[in-house]
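Here's a quick walk through how this model is put together. Have the structure open while you read.

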Amino acid sequence: MTIRTEPKILKRSLATIIDYGLYFVFFSWLVVTYGHPNDEGGYTLSNDPKGWWICIVWIIYFPVIESIRGQTLGKLILGLRVVTKNGRAISFGQALKRHLVDMIDFFFFGIVAVITIKNTPDHQRVGDLWAKTIVIGGDSVTCTNCKEPLALTAKEIIEKQFICPMCRATIKM
Ligand SMILES: [Zn+2]
């Protein structure tokens, strides 16, 4: 059964800003520390093997950690998790696919991601469509017992049940 998910554009944007913000700090530190000043007034790391760390750290931070935990640090902070359409853990290949096209999704302040998230039934950006993944966590539900509107954690969505904090009923989805 496919899991119902909401767009969560603000949370997903904030998670991305945290993740790529941290990555940019690392990138800048590496280039300024080990790079050589170039003619344009910046720094360059070309022909230096330390430049490989730009790729290695990206692979570890995005596809490796996301496939192991289902979330990067940004998603952990925002309560988001990446899963397959039926709520299973994603593979390394899926995590790699969804991040390889990050730059397409981020084009012009993320306009591509926002348009595809808003216009696809499972609210997927281009990377999610290619990797067949969805982003869950914080999605709304109404308690079938007391009718209280609630937000579900990723764990509750995956386990397809939750305990209502208002009426204490265990609700299966
Ligand atoms: Zn309830």
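Let's begin where helix 2 meets helix 4: on the helix 2 side the contact uses F62, P63, V64, E66 and S67, and on the helix 4 side F92, A95, L96 and H99. Sorted by class, that contact has six nonpolar residues, two polar ones and one charged one. Keep in mind that this is a predicted model.

How do the two helices lie against each other? Helix 2 covers residues 52-69 and helix 4 residues 92-100, and their axes come within 8 Å while crossing at roughly 140°. That makes the pair oblique, because only angles over 145 degrees count as roughly antiparallel. The crossing of helix 2 past helix 4 is right-handed.

Helix 2 has another partner in helix 1, which spans residues 9-34; here the axes come within 11 Å and cross at roughly 160°. So helix 1 runs roughly antiparallel to helix 2. This crossing is right-handed too. From helix 1 come Y23, F26, F27 and L30, and they meet W53, I54, V57, W58 and Y61 of helix 2. Which classes do these residues fall into? Nine are nonpolar, with no polar and no charged residues in the contact.

Here are the two pairs side by side:

| Helix pair | Axes come within | Crossing angle |
|---|---|---|
| Helix 2 and helix 4 | 8 Å | roughly 140° |
| Helix 1 and helix 2 | 11 Å | roughly 160° |

Now zoom out. The protein has eight helices and eight strands, and its C-alpha atoms fill a box of roughly 70 × 30 × 25 Å along the principal axes. Of the 173 residues, 25% are buried. What about contacts across the sequence? If you take the contacts between residues at least 6 apart in sequence, 53% of them join residues at least 24 apart.

The domain assignment splits the chain into domain 1, residues 9-136, and domain 2, residues 138-173. Taken over C-alpha atoms, the centres of domain 1 and domain 2 are 30 Å apart. How many residues touch across the boundary? Seven from domain 1 are in contact with six from domain 2. On the domain 1 side, the residues that touch domain 2 divide into three nonpolar, two polar and two charged.

Two single residues are worth a stop. K132 sits in the loop between helix 7 (126-131) and strand 4 (133-136). Is K132 buried or exposed, or something in between? It has 14 other C-beta atoms within 10 Å, so K132 is partly exposed. Leaving aside residues up to four places away in sequence, K132 touches T84, K85 and Q94. There is also a link back to the opening contact: A95, one of the helix 4 residues there, is 37 residues from K132 in sequence, and the C-alpha atoms of K132 and A95 are 9.9 Å apart.

S46 is the other stop, in the loop between strand 2 (43-44) and helix 2. Is S46 buried or exposed? S46 counts as exposed because it has 8 C-beta neighbours inside 10 Å. From S46 to G70 is 24 residues along the chain, and the C-alpha atoms of S46 and G70 are separated by 33 Å.

Terms used. Residues numbered from 1 in each chain as written. Predicted model: local features only at pLDDT ≥ 70, side-chain atom pairs only at ≥ 80, totals over all residues. Buried ≥ 20, exposed ≤ 12 C-beta atoms within 10 Å, placed from the backbone. Contact = placed C-beta atoms within 7 Å. Axes fitted to C-alpha atoms, helices over the stretch in contact; angles between N-to-C directions. Parallel < 35°, antiparallel > 145°, perpendicular 65-115°, else oblique. Left-handed = near helix turned anticlockwise from the far one by under 90°. Nonpolar A, V, L, I, M, F, W, Y, C, P; charged D, E, K, R; others polar. Domains from an automatic or database assignment.
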